[in-house]
Structures are given as structure tokens and as C-alpha cells.
Amino acid sequence: MAKEEKYPNRWVQLVLGIVCMATVANCQYGWTLFVAPMQDKWHWSRTSIQLAFTIFIFFETWLVPIEGAAVDKWGPGPVIIAGAIMVCIGWVLHGKAETLTMMYVAAIITGMGAGAVYGTAVGNALKWFPDKRGLAAGATAAGFGGGAAITVIPVANLINTQGYQTAFITFGIAQAIIISICGLFMPRAKLPPGTKAIPRVVSSKMEFNPGQMLRQPIFWLIYVCFVGVASGGIMATASFGPVSRDYGLDKLPVTVLGITLPLLTMAMSIDNIANGATRPLCGYLSDRFGRENIMFVVFMGEGLALLGLMWYGRTPIGFMLFAALTFAFWGEIFSLFPSMCADTFGVKNAAGNAGTLYTAKGTSSLLVPFAASLSAGGNWDRVFILSACIAFTCSMLSFFVLKPWRRRFILENNAKVEAAAAATAGA
């Protein structure tokens, strides 16, 4: 009697990916806690210190396609562990750095490691869940924001009690241990027979590698939509701090559920919760109702939230409400676009393909300085109007152009695959 083949539990794999994302999130969201202590100790300018963060984002984002291709070739475990080691080295170097040059080198290494973890976790989720791609990608992406909410307090406490250098080294090592342990239990995706994409989402049977994907015009429309929505959201959300100060709201005490905080602190806490919660929710809904249908609604919602912030943001309630809605309607791009990428270009090279598409985040970040120039003289209306117009445009493009084009593209390629299979069988 043939021995029954065992398959890894894919839900366990999803949880391991979320834990990895939550652990590595400090590299991006915890950075702000270290800026002032470094400035106090070394008397470097804030601009010079923040350049390290820009370098980190660059290497975190733009190397993901290479790291994703490594996942497709060698599996998630080795890449996750390599990323953990690089994050550890980067944070230990940050703790030891006595020059700006060393700090920038540390930022490069940390960015490479964080990108490897991020790209692997998302790509792996797409492979394990062909029938629930939106939900899986959304839950994994939500871990990246949720992790910072959990760990930011202990990081801040350690900085206050033992200094930022000890915090860098301690959490650098701890993060590497946790991520590496997860990586040891993350094999290549191997699904039981019969696990297929749900019929409500049209999925490709043809497998594209990143090079082949880049030669498809439809990829560039998806990329433009990603850049557009990301840039609109980034331009607006990056300005919330200065906006609240210009409106005279940032230090106004507000109480929510018995907790009193300065308005900006309270708003950002609520914003991060909204940002994380919508990622799995919109991913789940897109599995049920189609990617572009959800994109049409949420991108339109983002535009309306931005206009609401312009019209009502000068009041405490208006600012908190519409800032939270802006984050809520923006964060879901990190579940919708990776899922759409796997639907359109196949699952075999999902990590490399999704990583290539993820560079849109880096492209969109280049537009942030433009928002600063638009707001000269404190006129934030121009920033909100431009961001809203971009969101509205992407909403219309996704529904009226991308939706029919992508469906036609997938069905045509599926017909080619089926014809080739029939010819092979006939021979």
C-alpha cells in the first residue's frame, strides 16, 4: 500500500510569514525612535541622519526583485535566514557606528535584509494560497505594520533606560533569531492536489518570469496604477505631521476610550490600526468580488477621504476621521497588487514577479519632495487636491481599462496553454 504523502500546513506557513514581517517591521517603523538619541550623542544634523533612512528604503525596495527571484530558485527558507543575518549585521553596525559613513553602510545592509524578508513572506503567501491570495497577501502585509505597534514600546523603553546603541544591538540580534527560527520551518510551497484559484478570480495558467513579465504592456499599466495610488497616499500621509502643526492641532489633547494623548499621536495610532486592518479585509473581499472591483471602490474612497481632510481637517474630529480613512483606503494596495500580479502572471515565479512590481513603492517615494514644494506657504489644499485626483484617475483606470484588458490577456494565454497541452497529448 502506497504511503500517503504529507503536505505542510499552509496556515502555519502563513503565520510564520506574518511573524517574520512583524519582527522585521522595526527596521522601518522603529527608526524614528533612534533619530533624536543619535543626534544628541554625535551632534550630526537631522538631515544627515535621515539620509540613512532614505538609503534603507532604497535598498529595501529596489533589491526585492532579485531577492524574490532567489526565493523562486532556492525556496523561502534560505532567503529568509539570509535576510535575518543581514538585518542583524545592519542593526549591530548601527549600534557601533561612530561615523555617518558607517551608519550609511549599516543602512544598506539592513535594507537588503529587510527587503529579503518582506519579499519572501509576501511571495510565499501567494504560492501557498492560490484560492485566497488576497487574504493571504493582506494578512502578511498587515504583519509589517502590526509588528511595529507591538514592539515599538519595548524598543522605546530600552532606548530610554540603556541607550539607543544597546537597543540597536539587542533588537538586532533578537530579530535575527526569531526570523531565522521561522525560516527553518518554511519549505517550498507544496499543495495537495485540487487546490486551485477560486473561479471568481480569473488566473493565468501561463507562467511568466520577471523578464517576460516586463515585456508585457499590461504590466506597465498595473505598475502605473500602483505608483499612482502609492504616490498619492505617500504624499498625503507624509504631510500629516506638518499639516496638524499648521492647523494648530498637533498638541491638542484628545481622549479616546479613556486614553488622553496629543491629537497627532492619537491620530497616528488610529491611522496605523486602520492601515493594517484594511489589508487583509480588502484582500479577502477581492478574492470574493474581483481585484479591480475592490480597487475601484477603495481608490475612489481614498480620493474622497483626501478631499474630506481638505474640507474638514481643521477641526479635531475631522482631522482624525479623514486621516484614518486616508490610511485605511491606501494601505490595501500592498495586498491587492501582489495578488493581481500572481493572478495575471502565474504563481511559479510569484516572489520575483511581485518583488518587481513592489519597486513601484520606491518610485512613488521619489514624488514626496514634490508635495513639500506644493505646500509652500502652508497651502496644503494643493497637495490634497492633487493626491485625490491621482486616486480618482487610478480608480477609473483600474475598472474601465485594466479590468477588461487583464481578463482578455489571461484568457488568451490560458487558451494557448490548453492548445499546447492538447497538441502534446495528441502527439
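## Exercises on a predicted model

Val64, Pro65, Gly68, Ala69, Val71 and Asp72 of α5 are in contact with Ala350, Ala351, Gly352, Gly355, Thr356, Tyr358 and Thr359 of α17, where contact means heavy atoms within 4.5 Å. Helices (H or I, at least four residues) are DSSP runs numbered from the N terminus. The model is predicted, and local features need pLDDT of at least 70, side-chain atom pairs count only at pLDDT 80 or more, and totals for chains, interfaces and linings use all residues. Residues are numbered from 1 along each chain as its sequence is written, and side-chain values use heavy atoms, with hydrogens and water left out.

**Exercise 1.** Determine how the axes of α5 and α17 are oriented to each other.

*Solution.* Two packed helices are described by the angle between their axes and the distance between the axes. Here the axes are lines fitted to C-alpha atoms over the stretch in contact, and angles run from 0 to 180 degrees between N-to-C directions. The axes of α5 (residues 64-74) and α17 (residues 350-365) come within 7 Å and cross at roughly 175°. Angles under 35 degrees count as roughly parallel, over 145 as roughly antiparallel, 65 to 115 as roughly perpendicular and the rest as oblique, and α5 and α17 are therefore roughly antiparallel.

**Exercise 2.** Check the span of α9 (residues 164-184), and find where its buried residues lie around the axis.

*Solution.* The expected span is 1.5 Å times one less than the number of residues. For the 21 residues of α9 this gives 30 Å, and the end C-alpha atoms are 30 Å apart, which agrees. Buried means under 20% relative accessible area, exposed over 50%, and partly exposed in between (1.4 Å probe, protein chains only). The buried residues of α9 include Tyr164, Phe168, Phe171, Gln175 and Ile179. The buried residues cover an arc of only 165°, which puts them on the same side of α9; the arc is that of the directions from the helix axis to the C-beta atoms.

**Exercise 3.** Explain why Cys88 and Cys389 form no disulfide.

*Solution.* A disulfide is a pair of cysteine sulfur atoms within 2.5 Å, and a search of the whole structure finds 0 disulfides. The sulfur of Cys88 is 10 Å from the closest cysteine sulfur, in Cys27, too far for a bond. For Cys389, the closest cysteine sulfur is in Cys394, at 11 Å, again too far for a bond. Cys88 is buried at 18% relative accessibility, whereas Cys389 is partly exposed at 40%.

Note on methods. Helices (H or I, at least four residues) and strands (E, at least two) are DSSP runs, numbered from the N terminus.
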